[in-house]
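Student: Hi! I have a new structure to look at today. Could you walk me through it?

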Amino acid sequence: DVEMQLFFLDSNKTQVGASKKMKVLSAATVDGTGVITPVQSSQTFSLDQTEMGYFRKAKNIVFTGTVNSPSGGTVVAPILSDSKIDLNVVIKVKTNL
């Protein structure tokens, strides 16, 4: 699984708040032979009233992500020297204040 969280920082780079963790991608499945079935996803996120307050105070935003192995860690996806991981992230911000 891939999760993302936003940290809102003031002009001194001090954290003024954080968003909730948001799941952006479910883990791919791995069969018994280690073959991975790719997963694609598109997500839309909204900030609640408290998070919008942090957003308004922020001068900087830090995006952090967490990647977990498939099946809640019970099956590990093999990463070999010739393995390829493609990750494209596009962030579009649309505000309605």
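Tutor: Happy to; we can go from the overall layout to single residues.

Student: Great. What kind of model is it, and what is its mean pLDDT?

Tutor: This is a predicted model. The mean pLDDT of the protein is 80, and 74% of its residues reach 70 or more.

Student: Which elements have the lowest and the highest mean pLDDT?

Tutor: Strand β4, residues 29-30, has the lowest mean pLDDT among the elements, at 74. The highest belongs to strand β2, residues 15-18, at 96.

Student: OK, what does the secondary structure come to?

Tutor: You will find one helix and six strands. Reading along the sequence, the pattern is β-β-β-β-β-α-β.

Student: Which strands pair with β1?

Tutor: Strand β1 covers residues 2-9. Strand β6, residues 60-67, pairs with β1 over eight bridges, in the antiparallel sense. Strand β2 is also an antiparallel partner of β1, with three bridges between the two. Strand β3, residues 22-25, runs antiparallel to β1 as well and is joined to it by three bridges.

Student: Can you give me some residues to click on?

Tutor: Sure! For the β3 side, try Glu3, whose bridge partner is Lys23. For the β6 side, Leu6 has Phe63 as its bridge partner. On the β2 side, Phe7 is partnered with Ala18, and Phe8 stands opposite Gly17.

Student: How many residues sit between β1 and β2?

Tutor: Five residues lie between them, and the two strands form a hairpin. Have a look at Lys13 in the turn: its phi is positive, about 65 degrees, although Lys13 is not a glycine.

Student: Is Lys13 buried or exposed?

Tutor: Exposed: the relative accessible area of Lys13 is 56%, and the cut-off for exposed is over 50%.

Student: Changing topic: how many aromatic pairs does the structure hold?

Tutor: There is one aromatic pair. Its members are Phe8 and Tyr54, with 6.3 Å centre to centre and 35 degrees between the planes, and the pair is tilted.

Student: Why does that pair tie together parts far along the sequence, 46 residues apart?

Tutor: Because Phe8 lies in strand β1 while Tyr54 lies in helix α1, residues 49-57, the pair links parts that are 46 residues apart in sequence.

Student: And how covered are those two rings' residues?

Tutor: Phe8 is buried, with a relative accessible area of 0%. Tyr54 is partly exposed, at 24%.

Student: How many salt bridges does the structure hold?

Tutor: One. The side chains of Glu51 and Lys20 meet in it, at 3.1 Å from N to O.

Student: Where do Glu51 and Lys20 lie?

Tutor: Glu51 is in helix α1 and Lys20 is in the loop between β2 and β3, so this pair ties together parts that are 31 residues apart in sequence.

Student: Why can two side chains like that pair up at all?

Tutor: Side chains of opposite charge can pair when their charged atoms come close.

Student: Nice. Is Glu51 buried or exposed?

Tutor: Glu51 counts as buried, because its relative accessibility is 4%, and buried means under 20%. Its partner Lys20 is partly exposed, with a relative accessible area of 43%.

Student: You mentioned Phe63 earlier. What else can I look at there?

Tutor: Phe63 lies in strand β6 and is partly exposed, with a relative accessible area of 40%. Try Met4 alongside it: Phe63 and Met4 are 59 residues apart in sequence and 6.9 Å apart in space, C-alpha to C-alpha.

Student: What share of the contacts comes from residues 24 or more positions apart?

Tutor: Among the contacts in the protein with a separation of 6 or more, 54% are between residues 24 or more positions apart.

Student: Last thing: how much of the protein counts as buried, and what about its surface?

Tutor: Of its 97 residues, 15% count as buried. The accessible surface comes to about 7,700 Å², and 52% of that belongs to carbon and sulfur atoms.

Student: Thanks! Where should I look again to review the β1 side of things?

Tutor: Go back to Phe8: it stands opposite Gly17 in β2, forms the aromatic pair with Tyr54 and is buried.

Technical notes:
Residues numbered from 1 in each chain as written. Heavy atoms only, no water. Phe/Tyr/Trp six-rings, centres within 6.5 Å; stacked < 30°, edge-to-face > 60°. Helix = DSSP H or I, 4+ residues; strand = E, 2+ residues; numbered from the N terminus. Buried < 20%, exposed > 50% of the residue type's maximum accessible area, 1.4 Å probe, protein only. pLDDT = per-residue confidence, 0-100. Pairing = 2+ DSSP bridges. Contact = heavy atoms within 4.5 Å. Areas by Shrake-Rupley, 256 points an atom, 1.4 Å probe, with all protein chains shown as cover. Salt bridge = Lys/Arg side-chain N within 4 Å of Asp/Glu carboxyl O.
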